[in-house]
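Good morning, colleagues. I would ask you to look at the model on the screen while I go through its architecture.

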Amino acid sequence: SNGNLRISSSTYGINFPDDTNLRTAYKRMGFSNAVATTTNTGLVASSTVSPVFYRNSVINEITCNTNGASTTVVMDERTTPNAPGTVLTTGPIDCVGAKTTTSTFSNATIASSSHIGFRVSAVGNGTTTYNISVRYAED
């Protein structure tokens, strides 16, 4: 007898008797950046981060915060780490103070082995650190 559930390593999930598969488990990826200046030149010039998604994934939410006035971030999906690609959000994300969250995307589906580029395009005076967290599910 099969029982009610079976775990299968070949399909990466929990399989039910009717062969439906439960695979959605949200994950988070995050990073922080800190600089010793309160002007925007140091932060903008040194703020390109490009982590890799090793499996096909769907981004559900991006959250960010700063310790200062604001930080504007542009995110894109890249096939190579240093070349800009397809923008993820419908516009730049303005990280303001304690918490900013967006769940509106122009490109939320990330292909396997793609990089996600995070580029700071503007920083308000007084901002010396920012944090970004991406919530996603692997396909």
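I shall begin with the chain as a whole, then turn to its core, one central strand, an aromatic pair and two further residues.

Please keep in mind throughout that this is a predicted model. The chain has 139 residues, of which 37% count as buried. Its secondary structure consists of one helix and 14 strands. Taking the contacts with a separation of 6 or more, 74% are made by residues 24 or more positions apart. The exposed area of the chain is about 7600 Å², and carbon and sulfur atoms supply 51% of that area.

Let me turn to the interior. In soluble globular proteins, nonpolar side chains tend to be buried together. Here, the largest nonpolar core has 22 residues. Which residues have the most contacts inside this core? They are Ile 59, Ile 62, Met 75, Phe 118, Ile 132 and Val 134. At least two core residues come from each of the following strands: S4 (26–34), S7 (57–66), S8 (71–78), S10 (93–95), S13 (114–123) and S14 (129–138).

Ile 132 may serve as an example. Leaving aside residues up to four places away in sequence, Ile 132 touches Met 29, Gly 30, Phe 31, Ile 62, Thr 63, Cys 64, Val 73 and Phe 118. Two of the residues just listed, Ile 62 and Phe 118, are also among those with the most contacts inside the core.

I now come to strand S7. Why is S7 described as largely enclosed by the rest of the structure? Seven of its 10 residues are buried, so the description follows from that count. Strand S7 also takes part in several pairings. With S14, strand S7 runs antiparallel, and nine bridges join the two. Within S14, Tyr 136 is the residue opposite Ile 59. With S11, residues 100–102, the pairing of S7 is again antiparallel, over three bridges; there, Cys 64 has Thr 100 as its bridge partner. With S12, residues 109–110, strand S7 pairs in the antiparallel sense over two bridges, and Ser 57 stands opposite Ile 110.

Tyr 136 leads to the next topic, aromatic contacts. How many aromatic pairs does a search of the whole structure find? The search finds one. The ring centres of Phe 53 and Tyr 136 lie 4.8 Å apart with their planes at 65 degrees, so this pair is edge-to-face. The two residues belong to distant parts of the chain: Phe 53 is in strand S6 (residues 52–53) and Tyr 136 is in strand S14, 83 residues apart. Both Phe 53 and Tyr 136 are buried.

Finally, I would draw your attention to two residues of strand S13. The first to discuss is His 115, which is located in S13. Is His 115 buried or exposed? Its relative accessibility is 13%, and His 115 therefore counts as buried. Not counting residues up to four places away in sequence, His 115 touches Ser 50, Pro 51, Val 52, Asp 76, Glu 77, Arg 78, Thr 79, Thr 80 and Pro 81.

The other residue is Val 120, also found in strand S13. Val 120 has a relative accessibility of 2% and so counts as buried. Its C-alpha atom is separated by 9.9 Å from that of Asp 94, and these two residues are 26 residues apart along the chain.

Thank you for your attention.

Definitions and conventions
Residues are numbered from 1 along each chain as its sequence is written. This is a predicted model: local features need pLDDT of at least 70, side-chain atom pairs count only at pLDDT 80 or more; totals for chains, interfaces and linings use all residues. Side-chain values use heavy atoms; hydrogens and water are left out. A nonpolar core is a set of buried Ala, Val, Leu, Ile, Met, Phe, Trp, Tyr and Cys residues joined through side-chain atoms within 4.5 Å. Buried means under 20% relative accessible area, exposed over 50%, partly exposed in between (1.4 Å probe, protein chains only). Helices (H or I, at least four residues) and strands (E, at least two) are DSSP runs, numbered from the N terminus. Contact means heavy atoms within 4.5 Å. Accessible areas come from the Shrake-Rupley method with a 1.4 Å probe; for residues, only the protein chains shown count as cover. Two strands pair if DSSP finds at least two bridges between them. Rings of Phe, Tyr and Trp (its six-membered ring) pair if their centres lie within 6.5 Å; planes under 30 degrees apart count as stacked, over 60 as edge-to-face and the rest as tilted.
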